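Let's take a walk through this protein fold together, one piece at a time. Have the chain open in your viewer and follow along.

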Amino acid sequence: MSELYILDVGRADCTVLLLDTPQGRRTVVVDGGGKYHKDRKPLLEFLVQRNITVIDLLILTHLHQDHFGGFVHLIDRVQVRRAVAPCGDLRFADRVYPVYGDREFYREYHDFFQYLERSKTELIRSADCAGRTFTFGDYVLECLYPLQNSTQRSVAYAQKLCDPNLTEEAMAWNLTAYKQTCNEDSSIWLLRKGSTDLALLSGDSTDETMRAALCGRQARPRLQKLSHHGICTRYFSEYVQKILKPEILVVSVDKTHYTEDMAAQIDTLCAAGDSQCYYTFQGDVNISL
């Protein structure tokens, strides 16, 4: 039976889809969590425990380490056939790493994308996935965002940070701009089977981009992974939850970032969508599809 897992990776994101098809079981990974969680490597451990050595489709929703950090452990351990990401390899200018790149694991990002290139993984830019679907037997994974006209500004800023002649002033400006735009460029994915919407995976998309993604279409997912770990109302709203009405609302957060204010906010969202809430610090979330 096909399954969806949202792993306990702390205040980070990692979703694994195990999809049964006539050709056999297919594995889809959406985001890889941070590099470590409680001194563990949750994504790699999950795959090893199930003897999974091939990922058929890997998706990085946006360029933040709490979404790509865990991918570095897959190097030389797990084959990736296709990968969707905002861009390919990034090798920051040397002056960027001490200020930002090291603590955000961008050296590891570079190592992983070098591995994908060596492995001849098919790399697809998020911007080229607007409206695109990936089919696995009866299951369809659709990219709801970015749209055809989305700018993906964060990618341009990140690439400017790779200029070896980057000045201190240019680094500061582009870092600020990159941080401000990265989440709004997050891709959004809807898994469905036939006419049934199964899961909405929103990365760290803002409420504004989610509304744009849903404009002109109806989505009623059985499960929704709430954006941005349930932190900051820029990323979700009662209005959207009343539209989506997921049976299950999952918040990928650790106990450190879980607060009474967050609980009250999530309760309000669940009431708006008539949803049941699960927090990943309670353990991996698993549903049959």
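## Helix H4 and what follows it

Just past the end of H4, Lys120 adopts a positive phi of about 60 degrees. Keep in mind that this is a predicted model.

Now look at H4 itself. How far apart are its end C-alpha atoms? They sit 18 Å apart, and that agrees with expectation, because 13 residues at 1.5 Å a residue should span 18 Å. Plenty of H4 is tucked away: Tyr106, Glu108, Tyr109, His110, Phe112, Phe113, Tyr115 and Leu116 are buried.

## Two nonpolar cores

Here's a handy rule of thumb: nonpolar side chains tend to be buried together in soluble globular proteins. In this model, the largest nonpolar core holds 49 residues. Val16, Leu63, Phe71, Leu74, Tyr106, Tyr109 and Phe112 have the most contacts inside it. Strand S2 (14-21), S7 and the helices H1 (42-49), H3 (96-101), H4 (106-118), H5 (153-160) and H6 (168-181) each chip in at least two residues. Which of them gives the most? That's H4, with six residues.

Zoom in on Val16 next. Leaving aside residues up to four places away in sequence, Val16 touches Glu3, Leu4, Tyr5, Leu7, Thr27, Val28, Val29, Leu43 and Phe46. There's also a second, separate core of 27 residues, with Ile6, Ile59, Cys129 and Leu289 among them.

## Parallel neighbours around S7

Strands of a sheet pair through backbone hydrogen bonds, either parallel or antiparallel. Strand S7 (residues 82-85) runs parallel to strand S5 (residues 57-59), and two bridges join them. S7 also pairs in the parallel sense with strand S8 (residues 122-125), this time over four bridges.

Ala83 is a nice spot to check: Leu58 stands opposite Ala83, and in S8 the bridge partner of Ala83 is Leu123.

## A seven-strand open sheet

Further along, seven strands make an open sheet with mixed pairing, in the order S9-S10-S11-S12-S13-S14-S15. Strands S9 (133-136) and S15 (276-279) are at the edges with a single partner strand each, so one side of each has no neighbour in the sheet. On average, neighbouring strands here are turned by 20 degrees against each other, direction ignored.

Inside this sheet, S10 (residues 139-145) and S11 (residues 188-193) run antiparallel, joined by six bridges. Tyr145 has Ile188 in S11 as its bridge partner. Two helices lie across strands of the sheet. Helix H7 (residues 207-214) crosses S10, S11 and S12 (196-201), at about 120 degrees to S10. Helix H9 (residues 260-273) lies across S14 (248-251) and S15, at about 145 degrees to S15.

Conventions
Residues are numbered from 1 along each chain as its sequence is written. This is a predicted model: local features need pLDDT of at least 70, side-chain atom pairs count only at pLDDT 80 or more; totals for chains, interfaces and linings use all residues. Side-chain values use heavy atoms; hydrogens and water are left out. Two strands pair if DSSP finds at least two bridges between them. A nonpolar core is a set of buried Ala, Val, Leu, Ile, Met, Phe, Trp, Tyr and Cys residues joined through side-chain atoms within 4.5 Å. Buried means under 20% relative accessible area, exposed over 50%, partly exposed in between (1.4 Å probe, protein chains only). Contact means heavy atoms within 4.5 Å. The expected span of a helix is 1.5 Å times one less than its number of residues. Axes are lines fitted to C-alpha atoms, for helices over the stretch in contact, and angles run from 0 to 180 degrees between N-to-C directions.
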